Amino acid sequence: MPNNASIFLPIRLGELAHRLDATVEGDPETFIHGIAPLAAAGAGDLSFITDARYAPAASSTRAAALLVGRDFALAAGCQAALLRCADPSLALARALSILRPTPRPAPGIHPAACVDASAEIGPGAYIGPYAVVGPHCRLGPDAVLHPHVVLYEGVTVGRNFLAHAHAVVREGTRIGDDVILQPGVVLGGDGFGFARQSDGRHAKIPQTGTVVIGDRVEIQANSCVDRATLGATVIGAGSKMDNLAQVAHNCQLGENVILCAQVGLAGSTNVGDGAVLAGQAGVAGHCTIGAGAIITAQSGTHGDLAAGGMYSGSPAFDHRQWLRSTAAFAKLGELHRTVRELAQAVRKLQGGC
Amino acid sequence: MPNNASIFLPIRLGELAHRLDATVEGDPETFIHGIAPLAAAGAGDLSFITDARYAPAASSTRAAALLVGRDFALAAGCQAALLRCADPSLALARALSILRPTPRPAPGIHPAACVDASAEIGPGAYIGPYAVVGPHCRLGPDAVLHPHVVLYEGVTVGRNFLAHAHAVVREGTRIGDDVILQPGVVLGGDGFGFARQSDGRHAKIPQTGTVVIGDRVEIQANSCVDRATLGATVIGAGSKMDNLAQVAHNCQLGENVILCAQVGLAGSTNVGDGAVLAGQAGVAGHCTIGAGAIITAQSGTHGDLAAGGMYSGSPAFDHRQWLRSTAAFAKLGELHRTVRELAQAVRKLQGGC
Amino acid sequence: MPNNASIFLPIRLGELAHRLDATVEGDPETFIHGIAPLAAAGAGDLSFITDARYAPAASSTRAAALLVGRDFALAAGCQAALLRCADPSLALARALSILRPTPRPAPGIHPAACVDASAEIGPGAYIGPYAVVGPHCRLGPDAVLHPHVVLYEGVTVGRNFLAHAHAVVREGTRIGDDVILQPGVVLGGDGFGFARQSDGRHAKIPQTGTVVIGDRVEIQANSCVDRATLGATVIGAGSKMDNLAQVAHNCQLGENVILCAQVGLAGSTNVGDGAVLAGQAGVAGHCTIGAGAIITAQSGTHGDLAAGGMYSGSPAFDHRQWLRSTAAFAKLGELHRTVRELAQAVRKLQGGC
């Protein structure tokens, strides 16, 4: 673990508490110089207990202060000041923003960027070397395009866009406000649409639709959202996609959906608000996943799943029932043997009666 | 759904029917201005019924005309003209090509492209800004290299190549005619070949082979085809790969193979003509998948699979048998309990007899 | 298979044997002109038997010489000279390095590269067109940055770095000696860290940590290693990642770990030295995988796995037990029926007694 305290902006504990809506137990004049996990925290660091399991470790931390919940029971021997707040995870997110505001490149268009004369670029934009902004693109204020970002023709983007190196946005994609693309993201690649000919060849179905990305969406490294065959593939406001995830043509994601790494959605599938698909989960085409549903890691479904449920397995069903099935699965060889012996015993009994 | 009718080229119904080999039921002078799904279609739109399940919706569509099969039974109340054809999916693909021909950048090499003096570029090529064409590359007529495409040394490509932004083709790769690469594709990356030393370190096995891509292959966003250790990794003519799919060194794919999103093939595996691997399916190394075999989503095999079969599960076996097994799996906890009770009953009977 | 003999450097068999620590059975003056698999090898080629299954094919090979193990039993009719060595796989890796040394671009910084004035570039570097090296980067001797490689601010790299086209390394990443990045790799993308607000929105947790890549690490095409929330995500020395693999924020990989294609690790997971995760395997967050453990393809775990074991299934357990369970699974429909019949028989017996 590097000593990265120097990259943080120091702040007084009292001031920090004020900005986090937290109450202080300790000296509000103490300076906080960094943020670190319990074990790594040194003098001057803020640490945090976002999970009750780690509470005992508080007694031996060297941190100057701890972000804890309102009802946190102080560990014996804990020397740290406490910042009590309603939600330590959320407060940690805010504290990191305060102590380490994300660096932003200074506005300006690099001479080695290629911005079409017909593109409209809002004020405050940074456009890095070798970025390409195609004809008739429209970027809202304060866009950051890191090197090698490519926007094809007619892409429209709201305010405060952050696109990392090598993100590619194909023609006609519409992007809302406060959207973040990590490196290598591809938006608007052709959907996987082919019609099988009688000779076995696959005729390409032109993908004439587009992609619509809502406000506050973040899509992480090398993930893909395909353009629709007709109409639009939609990622609803506030949804987040981890690395290497795949959303096929004509999918409709609601708001605040979570797609973890390597999740795959086939074409024309709908995912309701707040649903969570854990790592490597998959959904077949033309399915509906209800709002708030959770699909656990590596699970998959080719049918609809009701809102609010938790589903596991491939194919997926109720998570608790799946837990029982998988527990039994590990003993399946043994079960098989037992049944064979039972059958023998029954035959014997039948013969003997 | 955007009103994107304006991007289509209008055409008379009679002329369209002629070009689609369809028969018209309705006024052939009607102008078609766009194409849209049943529910979204408005006046002047062509819609389509490629799946009998959606036939009832025809009665309420506002579409001007419907692409339907030869034996489609007209829904009561349907006001739309009909275009009857042998294969509505195929006809839809053609209709989209006719009403919305894919835009093609005008020929020309952008001044900010980097094309080696020894490269041979066929007539009609467009090479976008920041594209790199290495020494001794040979491109057939009418190539389109979008911004940031990189061809390493000695890549050869047939006619009508379409490579989207950030596609990378490593040295010596040979590509046929009419090949499409979506953004971020990597062809010819090193195979994952290492020899374990006695000290636990992994010595790199140089990957001295190449990649051969047949005619009419399309590879979609961020997918990878590794170069062979020796010889060539081959993607047969007409095969299609969806996003984030992986083909390892020395695999041999036949013609018209379909690899859906996030499929992975380990090294030296053969896939027969027309096989279909659904999303997130996987095949271990040195396997042979027979022609026309179907592997369903998330399934995997470390053995050979016979031609023409349909396989599911991980490890995969006959799909219908798998359906029975998975149905039973969901009740496995219960089955376990039943067997325990039976064992008890049998012991009791044994004692009693 | 192309005739690629011309790309190899010819060498006398005796000299080759000397450099591979092998003994010759045959004429040491024979010239070796290429390397090819048994079936493809022609006159003048070296071939190899790294797997005893292929030994019978030796009798019909046209290869001039064969790399074989010390105890290889000569196939009747085999005309080839033999190079006997302790480990044919390792010797093959070396032979390929000798006969076909990886071509290296000549040192020099392309005029269309964008190297910040504050970056320190070691001697012998090649930096290709459109590569970007940010402020305060430090590159050791003999770096090769292919076109379009992007290093953000403050990246430090050891000697002999090889980064292929479109690799992206975000700010502050620290990379050791002899590291290879295949095309499209992303190091240091933001971790997938969000705190759920009471209104259902996900607040971004700033990812203020970094990534540390050990010596001799190779990461293949389009794979991703996310930066830590705090501290560092670590890939230990000698570890290798295949294509499209995912390592989340704060993971700690030991030395010589193997992650095959499309493997995914969720946040804060530890993987011990020499562990092997086969294709599409997954590990949930905060798990510990012991040294030398093997997780087979498509398997997954949300718990710790002990060192040295072999694990299969999702969720994963002991591989041998899993083999029994999966064998039984294929017959699960049948087992269900048998149990139903048994239950009936037992009820009858109970009634009859």
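Here is a walk through this predicted model, from how its chains relate, through one interface, to a single pair of helices.

Start with the overall arrangement. Lay chain C on chain A and you get an RMSD of 0.0 Å, using a turn of 120° and a shift of 0.0 Å along the axis. The two copies are therefore related as by a three-fold rotation axis.

Now look inside chain A. Its residues are split into domain 1 (5–99), domain 2 (108–321) and domain 3 (322–352). If you take the C-alpha centres of domain 1 and domain 2 of chain A, they sit 36 Å apart.

Next, the place where chains B and C meet. Here 57 residues of chain B are in contact with 55 residues of chain C. On the chain B side, several elements chip in with at least two residues each: strands β21 (186–189), β22 (194–196), β23 (202–204) and β26 (224–226), plus helices α3 (319–329) and α4 (332–352). The top contributor on that side is α4(B), with 8 residues. By class, the chain B side breaks down into 30 nonpolar, 22 polar and 5 charged residues.

Finally, zoom in on chain C, where helix α1 (residues 13–20) packs with helix α2 (residues 88–99) at an angle of about 125°, their axes 10 Å apart. Because of that angle, α1(C) counts as oblique to α2(C). The crossing of these two helices is right-handed. From α1(C), the contact uses C:L16, C:R19 and C:L20, while α2(C) brings C:A91, C:R94, C:A95 and C:I98. Sorted by class, that contact has 5 nonpolar residues, 2 charged ones and no polar ones.

Terms used:
Residues numbered from 1 in each chain as written. Chains lettered and ligands numbered in written order. Predicted model: local features only at pLDDT ≥ 70, side-chain atom pairs only at ≥ 80, totals over all residues. Axes fitted to C-alpha atoms, helices over the stretch in contact; angles between N-to-C directions. Helix = DSSP H or I, 4+ residues; strand = E, 2+ residues; numbered from the N terminus. Parallel < 35°, antiparallel > 145°, perpendicular 65-115°, else oblique. Left-handed = near helix turned anticlockwise from the far one by under 90°. Contact = placed C-beta atoms within 7 Å. Nonpolar A, V, L, I, M, F, W, Y, C, P; charged D, E, K, R; others polar. Domains from an automatic or database assignment. Least-squares fit on C-alpha atoms with pLDDT ≥ 70 in both.
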